[in-house]
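Colleague: I am new to this one. Please walk me through the reasoning behind the labels.

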Amino acid sequence: MNDFTLIRKNLFRKKMRAILLIFSIMIAFLIFGALGAFYTVWTSGSSTAAENRLVTVNRINFTVSMPYAYWARVEAVEGVTNVSHASWFGGYYQEPANFVQTFAVDPESWLAVYSELTMPDEQRAAFFNTRDCLLVGDDLAAQYGWSLGDRIPLLSNIWQKQDGTSSWDFEICAIFDAEDDTVPTNYAMFHYEYYNEALAFNRDNIGWMALTTADASQNDQIMREIDALFANSPAETETSTEAAFNEAFAAQFGNIALILLFVVGAAFMTILMIVGTTMVMAINERTKEIAVMKTLGFPAPRIFRMVLIESILLSLVGGLLGLGLATLAVGGAAAAMAAFLPGLSMPTLVLAIGIALAIGLGFITGIIPAINAQRVTIVTALGKL
């Protein structure tokens with residue numbers, strides 16, 4: 001009988017206990033995998049940000065608007081190659097539950113700043129030239145079943161028109177995708193002028209500006225120059241890199257990394273105590289068997305190795321099952337959450353870290369039982385018979 005057969009038989013000698021342990025480990029790694037995938041897509045904005053792209057917002061908060069005239073002044077800053085602006089619309093389709101992330105932008109300058117957004121030339125021209133055109137992301141169009149030529153109303157839960165309504169009518173004349181799959185396409189854009197001329201209040205204001213620089217090495221200098229333009233004005237600005245802006249935006253929802261660390265850490269500490277205690281008990285139950293094995297010629301290092309591999313195998317089986325279920329769960333949730341978390345999938349890095357954690361968990365929980373098994377003396381153990 002080889003070592004692997006002995007390890008397998010010892011692992012499942014008490015089938016119910018082994019199944020419950022594997023189930024506990026599986027749940028911990030299911031949580032780890034699902035939260036790891038969520039965290040990766042949540043923080044993907046920083047990884048997809050262009051090095052030479054900056055964002056200018058009101059210094060008070062990015063939700064506070066700025067005068068429209070700021071746009072022309074930033075265009076004149078040396079080193080700025082393209083600059084555009086956007087305003088948050090806060091739209092929904094038919095019912096408030098059907099949230100649509102929508103921005104009012106200057107079409108040509110916006111697509112110059114975000115050159116990674118792609119669409120057929122005729123659709124790009126239609127977006128530029130059609131005043132009530134709605135440019136829709138591919139993921140958003142798939143979510144609501146929209147197609148080119150559809151006319152739809154979008155209602156705002158923030159802005160009201162001069163006629164007292166809050167509904168803007170649009171024709172979907174362009175659908176955009178992106179060169180990189182990690183770039184979100186779960187939002188829509190329309191003409192700022194179409195939006196601004198109908199507003200009942202807050203006209204001639206913009207939410208933020210996005211701009212590109214000729215060289216990323218000039219970013220710090222350009223950021224200082226832009227903010228100096230509006231120092232001591234009623235609407236002072238704060239300019240940062242796109243990556244920093246995305247991180248700050250994510251931070252508005254709390255320290256997600258710390259929350260995930262606490263949740264995953266609590267799950268793993270619980271499993272560590274359960275599995276570690278159970279493995280010690282299991283080896284204590286087999287003291288006499290280990291003594292017999294030594295009598296038959298099994299050297300202490302071989303017994304140490306078998307017990308440690310048994311613990312690692314237990315953890316690895318539960319970990320792989322948990323990561324597999326997490327992958328299925330994330331895949332199933334991807335379509336339903338495309339509007340809020342585009343690109344949701346199970347990253348290879350999360351799977352690799354999960355497998356490494358499973359091996360590490362098995363080693364930590366098995367090292368003490370393995371040492372105890374190696375130290376079993378034949379005389380003492382068999383003397384208890």
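Modeller: This is a predicted model. Start with the lining of the largest cavity: six residues are nonpolar, two polar and five charged. The lining has 13 residues, including Asn10, Leu11 and Arg17. Helices H1, H2, H11 and H13 each give two or more residues to that lining.

Colleague: What makes Arg131 and Glu197 a salt bridge?

Modeller: The cut-off is 4 Å between a side-chain nitrogen of Lys or Arg and a carboxyl oxygen of Asp or Glu. Arg131 and Glu197 meet at 2.6 Å, N to O, so the pair qualifies under that limit.

Colleague: Why does that pair tie together separate parts of the chain?

Modeller: Arg131 is in the loop between helix H6 and strand E7, and Glu197 is in the loop between helix H8 and strand E11, so the parts joined are 66 residues apart in sequence.

Colleague: Why is Asp132 called buried?

Modeller: Buried means under 20% relative accessible area. Asp132 has 19%, so Asp132 counts as buried.

Colleague: And why is Glu171 called partly exposed?

Modeller: Partly exposed lies between the 20% and 50% limits. Glu171 has 26%, so the label fits.

Colleague: How do you know that Arg151 and Glu171 form a salt bridge?

Modeller: Their N to O distance is 3.7 Å. The limit is 4 Å, so the pair counts. Arg151 lies in strand E8 and Glu171 in strand E9, so this bridge ties together parts 20 residues apart in sequence.

Methods: Residues numbered from 1 in each chain as written. Predicted model: local features only at pLDDT ≥ 70, side-chain atom pairs only at ≥ 80, totals over all residues. Heavy atoms only, no water. 1 Å grid on protein atoms, 1.4 Å probe; cavity = no way out; pocket = protein on both sides within 12 Å on 5 of 7 lines; lining within 4 Å. Helix = DSSP H or I, 4+ residues; strand = E, 2+ residues; numbered from the N terminus. Nonpolar A, V, L, I, M, F, W, Y, C, P; charged D, E, K, R; others polar. Buried < 20%, exposed > 50% of the residue type's maximum accessible area, 1.4 Å probe, protein only.
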